[in-house]
Amino acid sequence: MKLHTALSIAGTDPSGGAGIMADLKSFQSRHVYGMAVVTSVVAQNTTGIHHVEHVSLESIEQQLHDVYSDIEPQAVKTGMIALPEMMDVIYPYLNQSIPYVMDPVMIATSGDRLVSDEAINFLKTKLIPLASVVTPNRSEAEVLADMAISCESDIATAAKRILSDMGPQVVVIKGGHIGRDATDYAFTKTGEVRCWTSPKYDTIHTHGTGCTFSAIITAELAKGRDVMDAIGIAKEYISLAIKHNPGLGHGCGPVNHMAMKQ
């Protein structure tokens, strides 16, 4: 049995709900062989982030070299990349012939910035133009588009700014903060607009939703699936993962990576 392969380049979460740990669970749940390059070791759990230690540039380079020289991924996802120097190391490996999904992890749930202004600028000018799909949450989309988002028309305006100014193929902005339902919107470079709606569940247990959502898109793209179909599967997956969350931890608990059947 030959497995499809996907790579996550991101930070860790020892409690298992977010970061590389969530990505690998997501890949596995979609029957995709997952690999991981660690950028930062993050001490966090369901109550918050408590310490961050960045991996050396030499280590990141060696991890990337060892993956690509042996088992080349069929799709790549990036999450937390805190420093522009890290992005500079990663940049040459983001081959445009391989689907690249960017989860632009910049702001923690608490509102704290996780990356420097210099890193955000590098992300805008170097990494986002290479992306097949960019999946910012509301706060991240506000930073990228340099505007406030409070309604559906704001989502469209922000996405169009990101597309025109930075050049990714597709931008997905989650609109769960707007209206009674949770609607996600996808905007393409060619002008196509799609949306997916699911119920909004009354729960605090949403730790790792962004990581998981983008990882599922990555897994489906690794299989060769159409990008809109991949986003649709990811939307269904994350909705079920939130609905059937295991209620773990003393804070904002993780979603359930085993909720959706293959």
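Arg-194 is found in strand β10, which spans residues 193-198, and it offers a convenient way into this predicted model. With a relative accessible area of 32%, Arg-194 is partly exposed. Beyond its neighbours within four places in sequence, Arg-194 is in contact with Asp-184, Tyr-185, Ala-186 and Met-228. One of these partners, Met-228, is 34 residues away from Arg-194 in sequence, while the two C-alpha atoms are 8.0 Å apart in space.

The strand that holds Arg-194 also takes part in a hairpin. Strand β9, made up of residues 182-188, pairs with β10 in the antiparallel sense, and six bridges connect the two. Within this pairing, Phe-187 has Val-193 of β10 as its bridge partner. Four residues lie between the strands of the hairpin, and Gly-191 there adopts a positive phi near 100°. Thr-190 also belongs to the loop between β9 and β10. Its relative accessibility is 73%, so Thr-190 counts as exposed, the threshold being over 50%. The side chain of Thr-190 nevertheless has a polar partner, namely the side chain of Thr-188, at 2.9 Å. On the scale of the whole chain, Thr-190 and Gly-247 are separated by 57 residues in sequence and by 41 Å between their C-alpha atoms.

Next comes a lysine that also has partners in this hairpin. Lys-235 sits in helix α8, which covers residues 227-243. A relative accessibility of 7% falls under the 20% limit, and Lys-235 is therefore classed as buried. When residues up to four places away in sequence are set aside, Lys-235 touches Ala-182, Thr-183, Asp-184, Trp-196, Thr-197, Ser-198 and Phe-213. With Ser-198 there is also a polar contact, in which the two side chains are joined at 3.1 Å. Asp-184 is thus a contact of Lys-235 as well as of Arg-194.

Turning to the nonpolar interior, the largest core has 54 residues, and those touching the most other members are Leu-7, Ile-60, Leu-64, Met-102 and Leu-127. Helix α6, residues 152-166, supplies the largest share of this core, with seven residues. Apart from this core lies another one of 28 residues, which includes Ala-75, Val-133, Ala-215 and Ile-217. The surroundings of Met-102 are worth a closer look: leaving out neighbours within four places in sequence, Met-102 is in contact with Thr-78, Leu-123, Leu-127, Ile-128, Ala-131, Val-133, Val-134 and Thr-135. Among these contacts of Met-102 are Leu-127 and Val-133; Leu-127 is listed with Met-102 in the 54-residue core, whereas Val-133 belongs to the core of 28 residues.

Aromatic pairing can be summarised briefly, as the count comes to one pair. The rings of Tyr-68 and Tyr-93 have centres 5.1 Å apart and planes at 50°; this angle lies between the limits of 30 and 60 degrees, so the pair is tilted. Tyr-68 is part of helix α2 (residues 57-68), and Tyr-93 is in the loop between α3 (84-90) and β6 (100-102), so the pair ties together parts that are 25 residues apart in sequence. Both tyrosines fall under the 20% limit for burial: Tyr-68 is buried at 15% relative accessibility, and Tyr-93 is buried with a relative accessible area of 17%.

Key. Residues numbered from 1 in each chain as written. Predicted model: local features only at pLDDT ≥ 70, side-chain atom pairs only at ≥ 80, totals over all residues. Heavy atoms only, no water. Phe/Tyr/Trp six-rings, centres within 6.5 Å; stacked < 30°, edge-to-face > 60°. Buried < 20%, exposed > 50% of the residue type's maximum accessible area, 1.4 Å probe, protein only. Core = buried A, V, L, I, M, F, W, Y, C linked by side-chain atoms within 4.5 Å. Contact = heavy atoms within 4.5 Å. Polar contact = N/O pair within 3.5 Å; in protein donor to acceptor, adjacent residues only side chain to side chain. Pairing = 2+ DSSP bridges.
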